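User: I have a chain on my screen and want to know how its structural labels are earned. Can you take me through the reasoning?

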Amino acid sequence: MVVLSKPAIEQFSYIRNSKPPSTLMFPQIPLVDLSKPDSKHQIIKACEEFGFFKVINHGVPLEFISRLEAEATKFFSLPLSEKEKTGQPQPYGYGNKRIGPNGDVGWVEYLLLTTNQDSNMLRFLSGENPESFRFALNNYMTAVKKMACDLLEMMADGLKIQPRNVLSKLLMDEQSDSVFRLNHYPPCPDAHALNGNSNVIGFGEHTDPQIISVLRSNNTSGLQISLRDGSWISVPPDQFSFFINVGDSLQVMTNGRFKSVKHRVLTNSVKSRLSMIYFGGPPLSEKIAPLPSLMGGGQSLYKEFTWFEYKKSAYSSRLADNRLMHFERIAAS
Ligand SMILES: C=C1C[C@]23C[C@@]1(O)CC[C@H]2[C@@]12CC[C@H](O)[C@@](C)(C(=O)O1)[C@H]2[C@@H]3C(=O)O
Ligand SMILES: O=C(O)CCC(=O)C(=O)O
Ligand SMILES: [Fe+2]
C-alpha cells in the first residue's frame with residue numbers, strides 16, 4: 001500500500017461518529033445456524049428485514065479459510081511493484097484506493113477475479129508462489145459457491161418456489177458471471193489525529209449488484225450495514241462465520257420481497273482488515289425478472305432487463321448510487 005502524506009489522505013471521505021463505537025455495536029444481526037431444521041425460515045425473515053445475515057455451522061472447512069487468508073496476506077505484503085504486475089482491475093486485477101471506473105476511492109487495496117473457468121481468472125495472479133495461491137483460491141471458492149447454492153435452495157424452499165434450484169442453477173451455470181474479491185484495509189492511524197472523532201472510509205456505501213454475496217473477514221471490525229431507517233450498525237467481526245448479503249438481482253427476482261442491503265467498511269486505526277467475498281451472479285444473457293410465483297397476480301415492480309444490461313449500467317454508476325432506480329417500473333395511478 002502506498003503511504004499517503006497528510007494532505008493526500010484528506011482526499012478520503014470521513015464519517016463523523018456521533019456516539020462512541022461501543023454504542024454503535026448492534027448484537028442482533030440475524031444469525032442462521034445451518035445445523036438447525038428451521039434455518040430456512042430464519043433465512044427468509046433475515047432477507048426480508050435486513051437483506052443480511054450471519055451463518056454458522058456452514059460446513060466450509062476452516063483449513064480452506066486459513067490457507068487462503070495466509071496466501072492473501074502474503075500477496076498483500078509484496079512490494080507494490082510486484083502486486084501491480086497482476087494488472088489493473090479493468091475489470092479484473094489488482095487495485096489500490098481506486099474502486100471501479102468512476103472516481104470512487106477508499107482506504108483499501110484489493111484483488112478482483114472472475115470465477116469463470118473460461119476466462120482463466122487465475123492467470124491474473126502474480127507473486128512468489130502463484131500455484132499455491134491458485135490452489136487455495138480454488139478450494140475456497142468451490143466450498144463457498146456450494147454454500148451459496150445451498151442457501152439459495154433453502155430460500156426457494158422457504159418461499160415455496162419450485163424447482164428449488166431455480167436460483168442456485170444460475171450460479172452453477174458454466175457461464176455464471178460470478179466474481180471473487182480479496183480486500184485488504186491497512187490500519188489508518190492518521191484518521192483520528194487529523195479529524196478527531198471520525199473514521200476514514202475503507203469501502204464506501206453501496207449495494208452489491210449480483211444475486212448473493214458471501215463474505216468472510218478476519219477479526220477486525222469495520223463492516224457496517226444500513227437499516228431501513230437509514231441508521232448504520234456495526235457488524236461485530238467473526239472469523240469463523242460467513243456474512244450473507246442479498247444483492248440487487250435477488251431483490252428483483254423476489255419482486256422486492258427481499259431487499260438488497262446497503263453496506264460500507266470503515267477503517268480501523270490499529271489493525272488491518274482482510275476480507276474475501278464471493279459475488280454469485282447469473283450468466284450475462286440471463287433475464288432478471290421476478291419469479292412468477294412471487295408476483296402474486298400483481299405486476300412486476302421492475303422493467304425487464306438482462307444481467308448484461310444491469311451490469312453495464314452498474315459499471316457506469318458511482319458506488320453510492322441507487323442502481324436499481326433506473327429499472328423500477330413507475331406504478332400506474
Ligand atoms: C464503483 C463501482 C465499483 C463496482 C462497480 C461500480 O461501478 C459500481 C458497483 C461496484 C461493485 C460493488 C460490489 C462488488 O465489490 C463489485 C466487484 C461489483 O460487482 O459491483 C464492485 C465493482 C468494482 O469494484 O469494480
Ligand atoms: O470488505 C468488506 O468487508 C466488504 C467489501 C464490499 O462490500 C465489497 O467488496 O463489495
Ligand atoms: Fe459490497
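Analyst: Yes. Keep in mind that this is a predicted model. Let us begin with one strand pair. Strand 4 and strand 5 (residues 104–114) run antiparallel, and six bridges join them.

User: What makes strand 4 and strand 5 count as a pair?

Analyst: The cut-off is at least two bridges between two strands. Strand 4 and strand 5 are joined by six, so they pair. One position to look at is Ile99, which stands opposite Asp104 in strand 5.

User: Which sheet has strand 4 at its edge?

Analyst: An open sheet of eight strands, in the order 2-3-11-8-13-6-5-4. The pairing is mixed.

User: Why are strand 2 and strand 4 called edge strands?

Analyst: Strand 2 (31–33) and strand 4 (93–99) each pair on one side only. From one strand to the next, the twist averages 25°.

User: How do you know that the pairing is mixed?

Analyst: Compare two pairs at the strand 2 end of the order. Strand 2 and strand 3 (residues 52–56) run parallel, joined by three bridges. Strand 3 and strand 11 are antiparallel, with four bridges. In general, strands of a sheet pair through backbone hydrogen bonds, in either sense. For positions to find on screen, Asp33 stands opposite Ile56 in strand 3, and Phe53 has Ile244 in strand 11 as its bridge partner.

User: How does the chain get from strand 2 to strand 3, and what is the hand of the crossover?

Analyst: The path goes through helix 3 (residues 39–49). This β-α-β crossover is right-handed. The label applies because, with the strands pointing away from the viewer, the path over the helix runs clockwise.

User: Why is Asp33 called partly exposed?

Analyst: Count its neighbours. Asp33 has 13 other C-beta atoms within 10 Å. Exposed needs 12 or fewer, and buried needs 20 or more. The count of 13 falls in between, so Asp33 is partly exposed.

User: Which residues does Asp33 touch, leaving out those up to four places away in sequence?

Analyst: Ser39, Ile56 and Asn57. Asp33 itself lies in strand 2. The C-alpha atoms of Asp33 and Glu48 are separated by 18 Å, with the two residues 15 apart along the chain.

User: Now the helices. Which strands does helix 4 touch?

Analyst: Helix 4 (residues 62–76) packs on the sheet and touches strand 5, strand 6 (179–185), strand 8 (212–217) and strand 13 (273–280). The direction of helix 4 makes about 115° with that of strand 13. Helix 6 (residues 130–158) lies across strand 6, strand 8, strand 11 (242–246) and strand 13. Helix 6 runs at about 130° to strand 8.

User: How does the span of helix 4 compare with the span expected at 1.5 Å a residue?

Analyst: Helix 4 has 15 residues and reaches 21 Å from its first C-alpha to its last. The expected value is 21 Å, and the actual span is close to that.

User: What makes you say that the buried residues of helix 4 line one face?

Analyst: The buried residues are Ile65, Leu68, Glu69, Glu71, Ala72, Phe75 and Phe76. Seen down the helix axis, they fall within an arc of 165°, so they line one face of helix 4. On the other side, Leu62 and Glu63 are exposed. The buried residues pack against helix 5 (80–83), strand 5, helix 6, strand 6, strand 8 and strand 13.

User: Which residues are buried in helix 10, and why are they said to line one face?

Analyst: In helix 10 (residues 307–314), they are Trp307, Tyr310, Lys311 and Ala314. Their arc is within 95° down the axis, so they line one face of helix 10. Their cover includes helix 9 (248–253), strand 14 (287–288) and strand 15 (305–306).

User: What do strand 9 and strand 10 form?

Analyst: A hairpin, with five residues between the two strands. Strand 9 (residues 223–226) and strand 10 (residues 232–234) run antiparallel, with three bridges. In the turn, Gly230 has a positive phi of about 90°. Strand 9 also pairs with strand 12 (residues 263–266), again antiparallel over three bridges.

Note on methods
Residues numbered from 1 in each chain as written. Chains lettered and ligands numbered in written order. Predicted model: local features only at pLDDT ≥ 70, side-chain atom pairs only at ≥ 80, totals over all residues. Axes fitted to C-alpha atoms, helices over the stretch in contact; angles between N-to-C directions. Contact = placed C-beta atoms within 7 Å. Expected span 1.5 Å × (residues − 1). Arc of directions from axis to C-beta.
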